[in-house]
Structures are given as C-alpha cells and as structure tokens.
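Please open the model in your viewer and keep the sequence panel visible. The tour proceeds by successive selections.

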Amino acid sequence: MSTARKNREMSPERIYDALLNARTADKVTMHFKDGRVIVGALIFNPFKGTGRLINVDREQSIDFKVDDIRDLKLQPLSV
C-alpha cells in the first residue's frame, strides 16, 4: 500500500495571480522551492515575471522569479 503525498506547491498561474493581487497586502510570506521562507514587502514586475522581496527589519532583500516560488501567503493591510 502506497501513501500519496499532498502537493503543496501552487501552480505558476496561481502564484502569478497572487503576486498581481499582492499590491493590497501589507506583508507577503514567500516559500521558495529551495526551502527558504522570507517575509517582507513585495515589488513585482509582471512583464518580466520577476520581483524583489524586502524585509526591512532584517535589512534583507532577495530577487526572485515566479518559477522560484513554491507557495506564498498574503497578509492584508491593517487599518
């Protein structure tokens, strides 16, 4: 009897759509395919499919391509 593993990876189309909607998010938690998890503000260029995630608290930024992302979660703007 084999056990089926649940695929927790979002499709590239869903990731792209989420990145386009991230303009209304306060923070983004991004899970990369290489295992890194980064939280921060997002800059995304939809024409190139690339962006930058900036964590101001840690003084850290990372460039990414949509293909690098496994999953992402948006934190809504706090009012």
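Select Phe-32 and display its surroundings: beyond its neighbours within four places in sequence, Phe-32 is in contact (heavy atoms within 4.5 Å) with Ile-38, Ile-62, Phe-64, Asp-68, Ile-69 and Arg-70. This is a predicted model, in which local features need pLDDT of at least 70 and side-chain atom pairs pLDDT 80 or more, whereas totals for chains, interfaces and linings use all residues. Residues are numbered from 1 along each chain as its sequence is written, and side-chain values use heavy atoms, without hydrogens or water.

Next, extend the selection to the largest nonpolar core, which has 16 residues; such a core consists of buried (under 20% relative accessible area, 1.4 Å probe, protein chains only) Ala, Val, Leu, Ile, Met, Phe, Trp, Tyr and Cys residues joined through side-chain atoms within 4.5 Å. Phe-32, Phe-64 and Ile-69 are among the residues with the most contacts inside this core. At least two core residues come from each of helix H1 (12-21) and strands S1 (25-32), S2 (37-45), S4 (60-65) and S5 (69-76), where helices are DSSP runs (H or I) of at least four residues and strands (E) of at least two, numbered from the N terminus.

Now switch to a cartoon view. The 5 strands form an open, antiparallel sheet in the order S4-S3-S2-S1-S5; strands pair if DSSP finds at least two bridges between them. S4 and S5 are the edge strands, each with a single partner, so one side of each lacks a neighbour in the sheet.

Select strand S3 (residues 50-55), which 6 bridges join to S4; Gly-51 has Phe-64 as its bridge partner there.

Finally, select Asp-71 in strand S5. Asp-71 is buried, at 12% relative accessible area.

Technical notes
Buried < 20%, exposed > 50% of the residue type's maximum accessible area, 1.4 Å probe, protein only.
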